[in-house]
Amino acid sequence: MTNHPAIAPLRYQPDVEHIEPDEPQTGRDLAEAMLSIAHTTYADTGHAMRSVHAKSHGLLSARLDILPGLPAEFAQGVFAEPRSYEVVIRLSTTPGDLLHDSVSTPRGMALKVLNVDGSRLSGSESSTSQDFVLVNGKEFNSPSGKAFLRNLKMLALTTDRLERVKELVAKVFKGLESALEAVGGESAMLKTLGGNPETHILGESFFSQLPVRHGEFIAKIAVVPASDNLKALIDTRLDTQDDPDVIRHAVERFFAGEGAVWHVQAQLCTSLDDMPVEGIKAWNEAKSPFVTLARLIAEPQPAWSEERAERADDGLHFSPWNGIEAHRPLGSIMRLRKLTYEKSAAFRSQRNAIPVTEPLHCPFSHSGGSPNTAGRAAE
């Protein structure tokens with residue numbers, strides 16, 4: 001049995017969250033700002049895309065193996081017992097428009113764990129999957145719901161602007177971010193605006209940034225490189241100047257001949273004073289380290305294709321609110337995401353040839369069937 005740290009995790013209670021009186025209006029304003037991005041890109045291309053994370057770099061079928069022998073506080077929800085799940089992985093970057101990879105923004109990993117048992121979150125009753133939405137940074141880029149709205153409005157104003165201008169601005173932000181990192185700091189906002197280091201996406205670690213229920217407890221989730229070939233890519237830089245899709249092509253080359261293993265981990269909340277549910281700061285890993293709960297395994301495969309993009313980019317949505325009560329998203333930013341994700345999925349489903357559905361099987365595995373028959377209609 002793997003050694004696990006001795007910690008005293010805080011049990012979940014509904015009163016760990018504190019809802020501001022004007023939060024519902026902020027949520028509506030946020031959804032409107034998000035949809036303005038989708039309307040702009042749809043007017044330009046005639047194709048409805050995600051308002052954020054529009055560009056995929058890898059679309060993978062995978063397997064999640066839950067480890068045996070987990071302590072009770074970690075063996076919760078999806079991770080309650082040793083078993084295997086079919087998983088869809090979507091690797092992406094954050095903008096709502098399809099930019100040249102030299103505009104280097106945070107990398108994302110979204111997981112859709114299929115055929116999960118448990119009481120469903122409101123709005124996801126037609127689904128049987130559990131989504132985890134992760135980014136390659138431990139802290140969210142906005143300190144509050146209102147700041148999130150302001151930042152999203154600013155990003156909406158940059159959608160559809162000249163790409164060459166974005167490339168030049170991104171170079172400035174990358175220089176500033178490098179200077180910060182040289183003295184031990186980093187800026188989530190600089191990375192969001194194009195200053196993310198031009199790293200290989202398969203060498204990244206990904207984090208929920210914000211807390212979720214972990215059954216009877218509260219946790220943040222992480223996915224980190226475990227196999228040696230992924231670890232070898234940590235901090236590896238890509239030359240983004242000549243190839244607008246260099247990240248995608250790097251992922252395709254990797255999975256053409258190799259498989260990958262990640263560890264899925266949880267960090268449990270031990271104190272609301274040190275690890276507030278309504279905050280965005282990273283939690284102290286000395287007080288509560290990330291602990292491995294499962295292995296995420298992807299075999300060699302075609303990592304991206306137009307067909308996979310139709311089935312996953314168009315036909316699927318990923319939301320922290322698509323899941324079971326045992327992994328309920330917590331905190332104001334998570335609550336504000338619910339309406340925006342619902343409206344974004346509906347916008348795409350109403351306009352594209354392939355509607356957004358919830359799959360019963362991975363839509364591009366041998367058992368997956370067609371995108372229109374493999375799943376259930378999404379909200």
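In this predicted model, the axes of helix H1 (residues 23-45) and helix H8 (residues 332-351) come within 9 Å and cross at roughly 35 degrees, with axes taken as lines fitted to C-alpha atoms over the stretch in contact and angles running from 0 to 180 degrees between N-to-C directions. The crossing of H1 and H8 is right-handed, a term for the near helix being turned clockwise from the far one by less than a right angle. Among the residues that meet, with heavy atoms within 4.5 Å, are Leu30, Met34 and Tyr42 in H1 and Leu336, Leu339 and Phe347 in H8.

| Class in the H1 with H8 contact | Residues |
|---|---|
| nonpolar | 9 residues |
| polar | 6 residues |
| charged | 5 residues |

Here Pro counts as nonpolar, Asp, Glu, Lys and Arg as charged, and Gly as polar.

The largest nonpolar core, a set of buried Ala, Val, Leu, Ile, Met, Phe, Trp, Tyr and Cys residues joined through side-chain atoms within 4.5 Å, holds 64 residues, and those touching the most other members include Leu202, Phe255 and Trp262. Helix H6 (residues 246-257) gives this core its largest share, 6 residues. Leu202 touches Leu91, Pro225 and Val251, among others, when residues up to four places away in sequence are not counted.

Of the 379 residues of the protein chain, 58% are buried, meaning under 20% relative accessible area with a 1.4 Å probe. Its secondary structure comprises 8 helices and 11 strands, which are DSSP runs of at least four and at least two residues respectively.

Residues are numbered from 1 along each chain, and side-chain values use heavy atoms, leaving out hydrogens and water. Local features need pLDDT of at least 70 and side-chain atom pairs 80 or more, whereas totals for chains, interfaces and linings use all residues.

Terms used: Buried < 20%, exposed > 50% of the residue type's maximum accessible area, 1.4 Å probe, protein only.
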